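Please look through the sequence and the 3D model shown here, and then read the report that follows, which moves from a cavity lining to the overall form and on to single residues.

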Amino acid sequence: MALPKQTFDAVIVGGGGSGLRAALQLSEAGHHVAVFSKVFPTRSHTVAAQGGIGASLGNMQEDHWLWHMYDTIKGSDYLGDQDAIEFMCRKAAEVVYELEHFGMPFDRNADGTIYQRPFGGHSQNFGERPVQRACAAADRTGHAMLHTLYQRNVRARCQFFVEWMALDLIRDHEGAVVGLIALEMETGQVVIFQTKSVILATGGAGRIFQSSTNAFINTGDGLGIAARAGIPLEDMEFWQFHPTGVAGAGVLITEGVRGEGGILLNAQGERFMERYAPTMKDLASRDVVSRAMDQEIKEGRGVGHEKDHVLLKLDHLGAEVIQKRLPGIREIALKFANVDPIREPIPVVPTCHYQMGGIPTNYYGQVVVPRGDNPAEPVPGLYAIGECACVSVHGANRLGTNSLLDLLVFGKSAGDHLSQWLKGNPQQRDLPKDAADRTLARLDRLNQATTGENVAEVGLDMRRAVQQHAGVFRTGQLLSEGIDKIRVIAERARHTAIQDKSQVFNTARIEALELENLVIVAEATLVSAEARTESRGAQARDDFKERDDRNWLKHSLWSMEGSRLHYKPVNLQPLTVESFEPKVRVY
């Protein structure tokens, strides 16, 4: 079957913060760039980020990038690579000021400088006291950032393919990435995009969980695409549960609420975080706060008829502060919890929020694959950035505000590096003759299947299984049972059928393709989590309660072929400063 073909210098899969930042660097450098997005770019999931961008500007009190670096390493539970973390924290002020000059409407202090709020895990002088480091645009920081970057890309004449879904990479006989196969969602047309390079910027895969702050589009497409192309997935056992999702809805309540002075209360009206984190209290790292909340609920101090949540109190801040600094949060509370936070607390519960793992890269965004005992080598023409990538700056637990910073720093870094790479590699490589065969076979099975399971039902079973077996607290038995379940579900996913083929805009076809990616991510998560016999960051094992630096100071790498695991050491050597040696995390 002959497929239509288009040609570009670079194809970026994903129109969120990292994809748009990379696209801007490439477009302004004069390269012919295409950006694919399942939704209109300003509706990408970056739009949901609320609290701020971490950067040691020092606008509110003394701050330093080295303190930010320390907080990030500590927050990562010492699983983050210290060279990449130094790179990110050093670049933070630069990318924030660039964004300001692009027109980002940051909140301002009276002297005109960017307003910064406190955030969980951020401190002065290596943990002594909280510091105000989050650069915010009220509680809609991601929204403001996404619109700013999109407008800048329009100005740079970047080409957008909106409501297109990327399906598979095309690699030649030498392993270089030479193209991408994509589907136009409205018509079902499949097109080959021949390109010198591909950047995967598809965001996270939080929809593997039943309770998640993630949008419905966060289905791990980049991870599935990479895994099918033979790329291993790194540190997939680590999923951050955000302490404050609206109970029963999962909608995010930003950490910025606690940064502004909000406090968590149990059924007895006690500010319980003082017992778990005496110094940082409600602004301890997210994994610490989530486990504390879960413990309060398990010990019977939960709130409500089912005693299954706690309360986030902010009425003491006053109506003026709430309406000025947290207007979106008030709107969310009214709509999803039916409470007005000016008068009463918001019911909250830990909810899956962010994936720390992903496609292994260096801090230039190049996808790097270890080969046995040999050093990791870049895959020619392939980059990954944002939440779908694992640099690794987040390690076992991401520090709040570092997600938006990650998008900006590594989006720009990848764009700059790829721009130089394209100058040295100006020729398009030839496409292999069988470039689209596997992809078309997958689509033909979907299109021709007359009997099979319902896609939505299989997806629901997958989310229930992951929620039950890989939640806030885990055990080996629970994870082992989950692996068995997910493998059965993966087989069921290979035998789904589209019930109504009469539709042109066939959402069931898209959901079936997304499910294929999700089950890959779910299996990678459970297999990696079972193998890691320790508690570190977001991985809390009831049967292995302690962190084990002797045996587990290493990154997991899960390969789809044979569902195999291998490992690589954590990089404890920063670029220019002394290493921060692992120690007990106390907040």
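When lining residues are sorted by class, Ala, Val, Leu, Ile, Met, Phe, Trp, Tyr, Cys and Pro count as nonpolar, Asp, Glu, Lys and Arg as charged, and the others, Gly among them, as polar. With these classes, the lining of the second largest cavity divides into five nonpolar, three polar and one charged residues. The model discussed here is a predicted one.

**Overall form**

The secondary structure of the protein comes to 16 helices and 20 strands. Along its principal axes, the C-alpha trace spans about 65 × 50 × 50 Å. Because a compact globule of 587 residues would have a radius of gyration near 25 Å, the 23 Å found for the protein agrees with that form. Of the 587 residues, 63% count as buried, and among contacts between residues at least 6 apart in sequence, 74% join residues at least 24 apart.

**Enclosed spaces and a pocket**

The structure holds two cavities of 30 Å³ or more. The table sets these beside the second largest pocket.

| Space | Volume | Lining by class |
|---|---|---|
| Largest cavity | about 60 Å³ | four nonpolar, one polar, three charged residues |
| Second largest cavity | about 40 Å³ | five nonpolar, three polar, one charged residues |
| Second largest pocket | about 680 Å³ | ten nonpolar, four polar, nine charged residues |

The largest cavity is lined by Trp-239, Phe-241, Arg-286, Asp-287, Ser-290, Arg-291, Val-472 and Ala-538. Two elements, β11 (239–246) and α8, each give two or more residues to this lining, and the largest share, four residues, comes from α8.

Helix α8 (residues 286–298) also provides the largest share of the lining of the second largest pocket, again four residues. This pocket has 23 lining residues, of which Val-288, Arg-291, Ser-535, Lys-545 and Arg-585 lie nearest its centre. Arg-291 therefore appears in two linings, since an atom within 4 Å of a grid point is what makes a lining residue, and Arg-291 is listed both for the pocket and for the largest cavity.

The second largest cavity has a lining made up of Met-356, Ala-389, Cys-390, Val-391, Ser-392, Val-393, His-394, Gly-395 and Asp-406.

**A hairpin of two strands**

Strand β19 (residues 554–559) and strand β20 (residues 564–569) run antiparallel and are joined by six bridges. One of the pairings involves Lys-554, whose bridge partner in β20 is Pro-569. The hairpin has four residues between the strands, and Gly-562 takes a positive phi near 80 degrees there.

**Gly-17 and its surroundings**

Is Gly-17, which is found in helix α1 (residues 17–28), buried or exposed? Gly-17 has a relative accessible area of 1%, and because buried means under 20%, this residue counts as buried. If residues up to four places away in sequence are not counted, Gly-17 touches Thr-46, Met-145, Leu-146, Leu-149 and Leu-407. By contrast, Ser-290, one of the residues that line the largest cavity, is 273 residues from Gly-17 in sequence and 26 Å from Gly-17 in space, C-alpha to C-alpha.

Key. Residues are numbered from 1 along each chain as its sequence is written. This is a predicted model: local features need pLDDT of at least 70, side-chain atom pairs count only at pLDDT 80 or more; totals for chains, interfaces and linings use all residues. Side-chain values use heavy atoms; hydrogens and water are left out. On a 1 Å grid over the protein atoms alone, a cavity is a set of points where a 1.4 Å probe fits but cannot get out, and a pocket is an open set with protein on both sides within 12 Å along at least five of seven lines; lining residues have an atom within 4 Å of a point. Grid points are joined across faces, edges and corners, and a volume is the space filled by probe spheres set on the points. Two strands pair if DSSP finds at least two bridges between them. The radius of gyration is taken over C-alpha atoms; the globule rule is 2.2 Å times the number of residues to the power 0.38. Buried means under 20% relative accessible area, exposed over 50%, partly exposed in between (1.4 Å probe, protein chains only). Contact means heavy atoms within 4.5 Å.
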